[in-house]
Amino acid sequence: MTELEMLRAADSLILTVAWQATMFLALGLAASFALRRRPARAHQALMLAMFGAVAAPLLTEAGRRLGLGMWGEKSVTSVIAAATPAPSIPSHPERRPVPSTSPMPVASSPASSPSRPLNVESPPLSLPPRPFPWRSVLLAAWAAASAVMLVRLAASFASGRRLVRRAEVVVDGAVDEGLAAAAKGLGLGLHASPALARSADVRCPVIWCWGSRPLLLLPMVEAAGEGVDRVAVFRHELAHWRRRDHLSTLAAELLVVLLPWHLLAWAVRAQLGRLAELACDDWVLAGGTSASDYAATLLGLIPQPHSPALAAASGRSGLRHRIVRILSDNLPDPAAGPRWTAAACLAMLLAASLAALAQARPAAKPDEPPQAADPPKEEAPMKTVRGKVLDPDGKPVPGATVMWIGSRKPRLPYVAMPRGDRAAHPRVETIARGQTGADGGFTIDARYRDEDYEKFNGIHIQLVVRHPGTGMLSVALKPREETEGVTLNLPREQVVRGRLLTPGGMPAEGVRVMLQGFHNDNNPVDLRGAFVGNVEKDEDLPDYWPRSVHTDADGRFEMQGVPVGMYVNLEFRHPEFAVDEVTVNTIPERTLSPGIKGFEIEPVEPTFEHVLEPARPVEGRVTDHDTGAPLADVYVEVIPMRRHGGQTFSTRSDADGRYRVSGHTTDGTYFITAFPSARSGYLTLSERREGATAQGKSLKVDLALDKGRLVAGRVVDHDDKTPVAGAAVVYQPEPKNPNNKRDYDLRSPVSVDADGRFRITVLPGKGFLAVEAPKDEYIRTSRRSPMRSVDIHPHGLLEVDIPKEGDVPPVEIELRKGKTLEARVLDPDGRPVDVFTAMFKGIDAKLIDVWNQGRRFSDGLFRIPGADPEKTYRVYLISTARRLATVAELKLDPTGKPLEVRLQPTATVKGKVAGGVGNVQVYPMLLFSPVPKEYKRDELFDGSVASHYSNILGQEDFYFHRDQPQPDGTFAFEALIPGAGVEIAGGSGDREVTMLIWDLKPGEVRDIGTLTLKERER
């Protein structure tokens, strides 16, 4: 539950208990007064009122959770941000960076380095004073008073127990005869006679009912005189036992414990005790005792102070009223009667139910529009994965746990989900699991469909193996292994031992240490590892992942099951310290991969010490820019930038608009962004602060949000005008829109409801609305991205020009259905190429995002769902393993004739680079133009003109062209697509070189000689 939800629940609790308890207790007291001539019925009515005072708030809360109520709630627009975390902001090198396919470990300071002091120059930002926390104070006072009353009740019972233990059990024939006469004359039908005892601590007869057999306590010296009727006194006490008055007395005491602040609870407690005495008096008189004799008997008793035991006389003030009533001539039936009891119970249940339903049914949240149910999917076929698990020495491992895991696709791509929506990311789930047998073999079955999963955070379809005494193994499951079986060799275990210290050098106790992930990118052909990222709670970790550990009093921890031969990422979390990470090198040779070197990570040994940095949270208040009113539930992201990028930390503003985010600390830049819901009418706001110049233990940043304009609309199918339910809509302003004065980040989409309707916040002026459909059956359109040099390909697009004032007319966006384009991919001999990678512009398009990264296809079939029948697609196809590739122009055949594409041998370009200083990089770029062209330097940075070959080759072969050039400057780029233009680019510091090649032939090996780096033109 979020802080805002807790505050709302507290408000609801206080108000509901206040009015409902008051109503029921007041009704109970009124009923007891009206029924005062029938104490048994009055007592019963008051007991039922107590039940209603407690039950009604519980039933009300249950009704609220179930959405029950007598009337509908008015729809209210709240300011709720929801969405996916934005990608980390990378550094901006002068030359195009090679894109990364998997999250890299975050660089940490060496274990011996202390925390760096922060520069203190500028004064801290002012933060409006926090209002008095009346809710917290009220609830704390309530809890304290209840605790005091509970202690008082427990002490009272302890006192009663001591009284019983000190009493002396007696056998007195005269007393036994009187007790029997009292029970017989009364007709109580007692199933057991009470035990008898005498005590110096009682002044008159009392009965202790807390046990399997009640105990009648008599004073050591009984009241003398002929006026004391022993049978009448005993009959009164036995009536208490028969009526179970000890239970009703306990209920009244517990009511006071629950509601110590409620005056009516105290009044009910006192009234219930008085009515119990009057009802027992009625039983005495009904048994044949004369009123005058009983009144004389009561006057002859010494009153007993209040105790858990029930006394015949318990106070002079109440005794006077009892005697006056006893001497009256109108004495009622002492029993309430079964019909009365049934009617009273039914009335109370009806009253409690009506009170619970006296509320509004919760309206559907505007940020969660009703979604159309997904159409039923055909049940996935059964699939079997089998193999064998071997230990590091090659011996079978019995009893190992094998888990088949995959990243399940969300309903929409994560960029098409509202910001802050936890369902936006693919969910890594365990598809099936099993145990290895005595021979190390395993077979696991599950219903599986490949299209239901996608690669995310380096995980697509993996096999994870865990076994005590060995390292954890995580490997990608290849298509051929799914059918032929797989052999899994477990790595040796590396026990990681660390010691964490505070900034002052003292042991840091209670720090949570979590395994973020592990990888080894030294071998690009066999990438192994897994990554879960920064997960704040163990309950959110996947079931296949190791749980976190905590440091002991000496700051030490030990983590088992870590694999040898990996770069292992550990994360440290504690409220008093900044979130921090280290990379542990478990490779025996301690080698460093190019990725580790490129990110300047300094791994630590498996046994290490690390100094934590003090926490430096970012906090502030989110408000309306014009009115200053607080805005609740706004999603706030904080990105503390380090040398090679930043990681996102997030939270939501509370009911008072306040937020607090703890994450990394940095002397660099903090990016703070508030994302209100895109349907709220508010615009995002981004601020930046420099950590090196800020003061204080926290960075205080207030965020005052501007209002935009709201556009309502509908997304429909072009052919039949039916709603496209479940789609996502995002708005983007044109780059030169003058109203985008604060550079608003408007990438948070809204979801389309079951009727295809949406509402979204926009800016006055020119912009466009883009749509992502929940299915790929719709044709993607194209336009230039307003944010970067690339074309985007949403399913739907509508240009808008929004007026500054006046009504904004509703809009309608039509989506056109396409057809599936399929082509069989063959080798030069006409045989199917089982596995290959294909890429065309927009192949991985998602709303307004696109990376043009190649996608792996299997079964020798290339497919474009939702293809435009009128469009010709330029498709690049390659099989690096077989060194076959081609570029093809594909268009749907109107006759339905199947398409075929033949791959040809790939080309190779080799040469040498000279003139570099320090680290020299050389890499190939694919040119998209089908005809030779000349480009200016800056034009080659345009994503619609050229792309890194690593993107074209896809994630599986992303590192195919790495480690170039060799130490002597030579390079050789294999697996280049014949017939496609290629740019060979190189750089070192401020020096660079480029060469364009347009006429590569199948199987050609071209030597382009020496490329000399030259100073970059300014």
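This report walks through a predicted model of one protein, starting with the whole and then stopping at a few helices, strands and loops.

**The whole protein**

Let's begin with the overall count: the protein has 13 helices and 56 strands. It is made of 1018 residues, and 49% of them count as buried. The accessible surface adds up to about 47,900 Å², with carbon and sulfur atoms making up 55% of that area. Among the contacts whose partners are separated by 6 or more positions, 73% join residues 24 or more positions apart.

What about disulfides? The count comes to 0. Two of the cysteines can still be placed by how much of them is reachable. Cys204 is buried, because its relative accessible area is 0%. Cys345, with 31% relative accessibility, is partly exposed, because that value falls between the 20% limit for buried and the 50% limit for exposed.

**Two helices to look at**

Helix 2 covers residues 39-66, which makes 28 residues, and its first and last C-alpha atoms are 39 Å apart. At 1.5 Å a residue you would expect 40 Å, so the span in the model is close to that figure. Where does helix 2 bend? Look at Ala55: the bend there is about 30 degrees, and the proline Pro57 follows within four residues.

Helix 7 takes in residues 263-286 and holds 24 residues. From its first C-alpha to its last it reaches 35 Å, close to the expected 34 Å. After helix 7 comes Gly288, with a positive phi near 110 degrees.

**Two buried residues in strands**

Now pick out Ala432, a member of strand 10 (residues 427-435). Is Ala432 buried or exposed? Its relative accessibility is 11%, so Ala432 counts as buried, the limit being under 20%. Leaving out neighbours within four places in sequence, Ala432 is in contact with Val402, Met403 and Trp404, as well as Ile444, Asp445 and Ala446. Met403 sits 29 residues away from Ala432 along the chain, yet their C-alpha atoms are separated by 6.0 Å.

Gln516 belongs to strand 16 (residues 512-520). With 4% relative accessibility, Gln516 is buried too, because that is under the 20% limit. Which side chain does the side chain of Gln516 meet in a polar contact? The partner is Glu571, at 3.3 Å. Beyond its neighbours within four places in sequence, Gln516 also has contacts that include Phe531, Val532, Trp545 and Glu581.

**From strand 50 to strand 52**

Tyr923 lies in strand 50 (residues 921-927) and is buried, with a relative accessible area of 8%. The C-alpha of Tyr923 is 9.2 Å from that of Phe971, a residue 48 positions away along the chain. Ala972 is 49 residues from Tyr923 in sequence, and their C-alpha atoms are 9.8 Å apart.

Ala972 itself is in strand 52 (residues 970-976). With a relative accessible area of 33%, Ala972 is partly exposed. Setting aside residues up to four places away in sequence, Ala972 touches Val909, Lys910 and Gln964. Gln964 has another feature worth finding: the peptide bond from Gln964 to Pro965 is cis, with omega near 0 degrees. Pro965 is in the loop between helix 13 (949-953) and strand 52.

**Glu1004 and its loop**

Glu1004 sits in the loop that joins strand 54 (991-997) to strand 55 (1005-1012). Its side chain comes to 2.8 Å from the backbone nitrogen of Lys1001. The side chain of Glu1004 also makes a polar contact with the side chain of Arg1006, at 2.7 Å. Not counting residues up to four places away in sequence, Glu1004 touches Thr906, Ala907, Thr908 and Asp999.

**Two loop residues with positive phi**

Finally, here are two residues other than glycine that have a positive phi.

| Residue | Phi | Loop | Relative accessibility |
|---|---|---|---|
| Arg590 | near 60 degrees | strand 21 (577-585) to helix 12 (594-598) | 29%, partly exposed |
| Lys721 | about 60 degrees | strand 32 (709-717) to strand 33 (728-733) | 39%, partly exposed |

How values were computed:
Residues are numbered from 1 along each chain as its sequence is written. This is a predicted model: local features need pLDDT of at least 70, side-chain atom pairs count only at pLDDT 80 or more; totals for chains, interfaces and linings use all residues. Side-chain values use heavy atoms; hydrogens and water are left out. The bend at a residue is the angle between axes fitted to the seven residues ending there and the seven starting there. Buried means under 20% relative accessible area, exposed over 50%, partly exposed in between (1.4 Å probe, protein chains only). Contact means heavy atoms within 4.5 Å. A disulfide is a pair of cysteine sulfur atoms within 2.5 Å. A polar contact is a pair of N or O atoms within 3.5 Å; within protein, one must be able to donate a hydrogen and the other to accept it, and residues adjacent in sequence count only if both atoms are side-chain atoms. Accessible areas come from the Shrake-Rupley method with a 1.4 Å probe; for residues, only the protein chains shown count as cover.
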